[in-house]
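Me: I should like a close examination of one part of this structure, set in the context of the whole chain. Please treat the part in detail and keep the account connected.

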Amino acid sequence: MRWAQAGPTYGAEIMTTLAPLREAPLSTELDWPDRMTPFTPFDRDIQADPIEHYRWLRANAPIVRAGDPAAPLYIVSRFADVTEGLRDATQFHSQLPGTTTPPGFLLNLDPPDHTRLRKAASSAFSPRAVAALEPRIIELVRARWMYFLDAGRGDAMAEFASPLTIAVISSVLGVPVEHSEQMRDWTTQMIDYLGVLLRGVPDDGSADAGPYRALTGYMNNVLDAAMQSPQDDVVGNIARLRLDGVLTAEETTGFVTILFSAGHETTTLLTGNCIDFLCDHPEWLEFLRQPDGPGQFLNEMLRYRPPVHRLTRFTHEDASLAGYRIPAGSSVRFLIGSANRDEAAFADPDVFDPLRSNSAHAGFGYGMHMCMGNWLARLEVRTILETIGQTVRRIERDTTIPRVPLTGGAFATVGLAALGVRVERL
Ligand code: HEM
């Protein structure tokens, strides 16, 4: 039995009252209001619009067990508990026991491997390498947006956000744009196989390893080419880490592979969330024309409607959080989408306010795995919002194209799969 420490401190003498750790209730056994189904992590309706469930969980059951009762997931919903858990890598691990993380897969590594790889990889994203990307990103954003604006209407996800973010990440990684659609398909198709590699899903042969091998093979070739004469850009810097023996060939290949997959869906969804919001509230176009407007708008959107809503960690031993026991071998889901709406952390959390005093959200994660590409995502989405502000007089939904919430996948992302939009030039 583990105990929680919950007591006042008097001078140098530490007086503690020890209380037994509580068991987290099962979501299905809670007294949910009639209008709500119990929270489960794999419900498509909840994924499409989870905010009311989050609010109820924070108020009534801040840590709850959900999913299969035989192998429940522990769901954490309050800002303080989410950020405490994500900072605590000794209790909450990124690697599932019994699995072998492919080399270079930063997100799934624990210290000391994570620390070593993150330090080396961060050096590849030097301020110089980042600054060098800006003109190219501006060019790509403007070209794609003008194409959409000239058409005057279309699906903003399929015809603007998705091709743009693929073009940007391909450009960053030195992948010719004519190959990028193929790469995106491999990224989507390898999800099942990654489940086998990273999540302990039994390998019954049904998950096809082909797309994963094809993508890593392609990335290996990209790095081989960059090694011939490494430039002062991100991929050149990563190639240099291989040349200098700081990282192995497998590590650099794995790292570049996850950069491609981590970089495009998230940025696509954030772009869609911004455009969707503008369709409902076109009065914000004026704010985007102010010098700091786009940066403040996108930061608040990352709090208000972040593309990533939950992060997974695993306990290797019995753990405790906020007075609850989380047994060894558990899978824990930290709801950053809920943390960002926690009234204990943000005043009027359901109000979109880019000028709010507390802008320190968890939309890019928290702790040692916090998003490494956040500068690139910010640069890209800020450029998109600047461009929209400078060029659009009127924006609204085009109801002839359905607005489709994203559902399925790993259920961790929230955003749109399709969004019909009409735009008029300024
Ligand atoms: C709006 C866009 C983005 C969002 C919302 C986002 C969100 C996140 C979040 C929440 C994490 C933490 C994951 C965890 O703790 O388990 C993360 C990690 C990461 N992201 Fe992003 N991301 C975005 C764009 C990008 C881009 C453009 C790149 C790279 C080109 C990127 C690369 C990474 C990497 C490498 C990690 C792993 C860091 C580590 O494990 O130390 N992300 N991202």
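The part in question is the open sheet of three strands, together with what surrounds it. How are its strands ordered and paired, and which helices pack on the sheet?

Reply: The model is a predicted one, and a few figures for the whole chain come before the sheet. The mean pLDDT of the protein chain is 90, with 95% of the residues reaching 70 or more. Residues 1-16 have a pLDDT below 50, and this stretch makes 25 contacts in the model beyond near neighbours in sequence. The protein chain contains 15 helices and 16 strands. Its radius of gyration is 22 Å, close to the 22 Å given by the globule rule for 426 residues, so the chain is as compact as a globular protein of that length. Along the principal axes, the C-alpha atoms fill a box of roughly 65 × 55 × 50 Å. Of the 426 residues, 54% count as buried. Among contacts with a separation of 6 or more, 69% are between residues 24 or more positions apart.

The sheet itself is open and has three strands in the order 8-16-13, paired antiparallel. Strand 8 (153-155) and strand 13 (392-397) are the edge strands, each pairing on one side only. From one strand to the next, the twist averages 25 degrees.

The two pairings can be taken in turn. Strand 13 and strand 16 (residues 420-425) are joined in the antiparallel sense over five bridges. Within this pairing, Arg 394 stands opposite Glu 424, and Arg 397 is opposite Val 421. Strand 8 and strand 16 also pair in the antiparallel sense, over three bridges. Here Gly 154 is the residue that stands opposite Val 421. Val 421 of strand 16 is thus faced by Gly 154 and by Arg 397.

Two helices that pack on the sheet complete this picture. Helix 5 touches strand 8, strand 13 and strand 16, and its direction makes about 90 degrees with that of strand 16. Helix 15 touches strand 13 and strand 16, its direction making about 110 degrees with that of strand 13.

Each of these helices leads to a further part of the structure. Helix 5 (127-151) is among the elements against which the buried residues of helix 10 pack, the others being helix 4 (113-124), helix 6 (157-173), helix 9 (210-228) and helix 11 (249-280). Helix 10 (residues 234-243) has eight of its 10 residues buried, so the rest of the structure largely encloses it. Its buried residues include Val 234, Asn 237, Leu 241 and Arg 242. Just after helix 10, Gly 245 adopts a positive phi of about 75 degrees.

Helix 15 (374-391) is preceded by a loop that runs from helix 14 (336-339) and holds Cys 371. The SG atom of Cys 371 is the single protein donor to the iron atom of the ligand, 2.3 Å away. Gly 389 offers another link across the sequence: Gln 290 is 99 residues from Gly 389 along the chain, while their C-alpha atoms are 8.6 Å apart in space. Gln 290 lies in the loop between helix 12 (285-288) and helix 13 (293-304). Its relative accessible area is 41%, and Gln 290 is therefore partly exposed.

Definitions and conventions: Residues numbered from 1 in each chain as written. Predicted model: local features only at pLDDT ≥ 70, side-chain atom pairs only at ≥ 80, totals over all residues. Heavy atoms only, no water. Buried < 20%, exposed > 50% of the residue type's maximum accessible area, 1.4 Å probe, protein only. Helix = DSSP H or I, 4+ residues; strand = E, 2+ residues; numbered from the N terminus. Contact = heavy atoms within 4.5 Å. pLDDT = per-residue confidence, 0-100. Donors = N, O, S within 2.8 Å, 3.2 Å for Na, K, Ca; no water. Pairing = 2+ DSSP bridges. Axes fitted to C-alpha atoms, helices over the stretch in contact; angles between N-to-C directions. Rg over C-alpha atoms; globule rule 2.2 N^0.38 Å.
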